[in-house]
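Reader: I am new to reading protein models and would like to go through this one step by step. Could we look at it together, beginning with the inside?

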Amino acid sequence: MQCVELNPIGNFDTWEQEKIDELLHQEIQESLSNRLVFENEGVKLWDLMLLPGQRLNFRRHNTNYGWVCTTGGLVITRYGNGKIDMIKLNPGDTEYFENKGKNYINDLENIGEDTLVINILEYKDSKIEKSYQFTN
């Protein structure tokens, strides 16, 4: 995975007005994707698929989760603090985030030429999380 910062934290000058309006005026969902494929008392498994040019609106993250990119791709992500990153993902790239209680916000837009697929394992309970292994 390679990441290039396109815009620094705190600078919204380069943002499109529609993205600022979405961030400030629309209800931001707390789901990690638009397709939940499995859920039990401890975890949720999300499937994120973005076609070329498709975008997942801003989401609020308050749980710990890990993901694996199965296809690779090129994305832009905008954060609630103004930062914008461009990220090149390779098949098999993984990451783990500890966001419990952090109120972290971002969107994700596929700017590549191919469909992007990411599987996300969200931990609902920290006691359950410790019983699962996620390595990156």
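Reader: How many residues does the largest nonpolar core have?

Author: This is a predicted model, and in it the residues with the most contacts inside the largest nonpolar core include Leu-48, Trp-67 and Leu-89. Two or more residues each come from strand E3 (43-50), strand E5 (64-69), strand E7 (84-89) and strand E10 (116-123). In total, the number of residues in this largest core is 15.

Reader: Which residues belong to the second, separate core?

Author: Apart from the core just described, there is a second one, which has 8 residues. Among them are Trp-15, Ile-20, Leu-23 and Ile-84.

Reader: Which residues does Leu-48 touch, leaving out those up to four places away in sequence?

Author: Leu-48 is one of the residues with the most contacts inside the largest core. With its neighbours up to four places away in sequence set aside, Leu-48 touches Ser-33, Asn-34, Leu-56, Leu-108, Leu-116, Val-117, Ile-118 and Ile-120.

Reader: Which strands are the edge strands of the open sheet of 5 strands?

Author: The strands of this open sheet follow the order E1-E7-E6-E9-E4, with antiparallel pairing. An edge strand pairs on one side only, and this holds for strand E1 (2-7) and strand E4 (55-61).

Reader: What angle does the direction of helix H1 make with that of E4?

Author: Helix H1, made of residues 17-25, packs on the sheet and touches E4, strand E6 (73-78) and strand E9 (104-110). Between the direction of helix H1 and that of E4, the angle is about 35 degrees.

Conventions: Residues numbered from 1 in each chain as written. Predicted model: local features only at pLDDT ≥ 70, side-chain atom pairs only at ≥ 80, totals over all residues. Heavy atoms only, no water. Core = buried A, V, L, I, M, F, W, Y, C linked by side-chain atoms within 4.5 Å. Buried < 20%, exposed > 50% of the residue type's maximum accessible area, 1.4 Å probe, protein only. Helix = DSSP H or I, 4+ residues; strand = E, 2+ residues; numbered from the N terminus. Contact = heavy atoms within 4.5 Å. Pairing = 2+ DSSP bridges. Axes fitted to C-alpha atoms, helices over the stretch in contact; angles between N-to-C directions.
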